[in-house]
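Student: Please take a close look at how the ligand is held. Start with the charged pairs in the protein, then go on to the ligand's surroundings.

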Amino acid sequence: MLAQLHRFFSDARPAGSRCTMDAHGIDLDAAAVGLRRHGVLRIKGLLDPGAIAAVGAAARDLYDERDARVAAGGCLTAPERQSHLRRTLALDRIVAGGRPAADLLDCPAIRALAGRHLGEPPRLDPNSYVRALIPGPHIQALPFHQDQSILQTPLLNVWIPLAECGVHAPGLEVVVTDRRDLLAMAGPPDHAVPVERARIDERLVLEMFGPGALWRPTLGPGDVLVFAGTTIHRSHVTPRMTKPRLSVELRLVSPAPH
Ligand SMILES: O=C(O)CCC(=O)C(=O)O
C-alpha cells in the first residue's frame, strides 16, 4: 500500500497526474499524503454541478446589483468600495434558494481532509470570498503569495471554480513542492490590500523552485483545488484568455481558541 502511494505521488510523474484524484471513491489517506507531499491537490468531480450553478447565479445577481448601485452614483462603504474594485464578494452574503453558499458547497471529504491537515476539525474563516477575474485591462489578477502570510494561521484553501477555467478563462498557478516555509513578502508594507503586501517576488519563486514546479491546472464545475496556507500561488492569466471566471475561495482554519 505504502509503495503504491509512493509511486502514485512520485515526483517523476507530471504535476497534473500526481496532484490529481477522482472524487469517486476518494481515499482520504492518499489525499492527505498527496497534500503533504505536494501542497496541492485537484479533486475532480467532487461537488454537485447544480450547487455550483446555483452559487454562480446568486453571485452574478449580487455583482449586478452592486454594479447598478455604483452606476447610479450610490454610496459604498470603504470595504464595499474595495471589494467592488477587486471584484470580490464576501461568501457569507451569497444565498441560493434560501441556503447559504457555504452549506451548498459543504463536503464531508473536504472537511475530513482539512481536519487531517490542521490536526483538528476545521471552521470556515470569514476571509472566504467569491472572486471574478474578467480578462481585459482592468483584470484583478493576484500576484504570487501564501495565504498563511496574510491570515497568520495554518489553513486549507478550498478553491472552487464556478465555470471551466485554465484555458479560455483565467485559472490558478501553484508551486508544487513539499516545502512549507513562508517566504519574504516583497509588497509595499503600507499597501491597503493585504495580498499586495504579501506579494512574493516572481524571480525568487523561479530561482527557488524552477519553472518545472509551476502547475496551471485546468478545472471544470464540480472540480476542486485544495492547497495549504503555505502553498505559493497566483492568478493564471494569458493574453489568449477571453472568458471571465468566477470562483469561490473557502478558507478552512483551526477553531478559534476558547
Ligand atoms: O482566484 C484567483 O485568481 C486567485 C485566488 C487566490 O489567490 C486565493 O484564493 O488565495
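Tutor: The count comes to 16 salt bridges, each a side-chain nitrogen of Lys or Arg within 4 Å of a carboxyl oxygen of Asp or Glu. This is a predicted model, where local features need pLDDT of at least 70 and side-chain atom pairs pLDDT 80 or more, while totals for chains, interfaces and linings use all residues. Residues are numbered from 1 along each chain as its sequence is written, and side-chain values use heavy atoms, with hydrogens and water left out.

One of the salt bridges joins the side chains of K44 and D223, at 3.8 Å from N to O. K44 is in strand β2 (residues 40–44), and D223 is in the loop between β10 (214–215) and β11 (224–228), so the pair links parts of the chain 179 residues apart. Strands here are DSSP runs of E, at least two residues long, numbered from the N terminus.

Now the ligand. Of the 14 residues around the ligand (a heavy atom within 4 Å), those that come nearest are H145, H233, S235, R245 and R251. Three side chains have polar contacts (N or O pairs within 3.5 Å) with ligand oxygen atoms: S235 at 2.6 Å, H233 at 2.8 Å and N157 at 3.1 Å. Taken alone, the ligand exposes 290 Å², and the protein buries 100% of that, by the Shrake-Rupley method with a 1.4 Å probe.

Strands β7 (129–133), β8 (155–161), β12 (233–236) and β13 (245–253) each give two or more residues to the shell around the ligand. β13 gives the most, with 4 residues.

Technical notes. A polar contact is a pair of N or O atoms within 3.5 Å; within protein, one must be able to donate a hydrogen and the other to accept it, and residues adjacent in sequence count only if both atoms are side-chain atoms.
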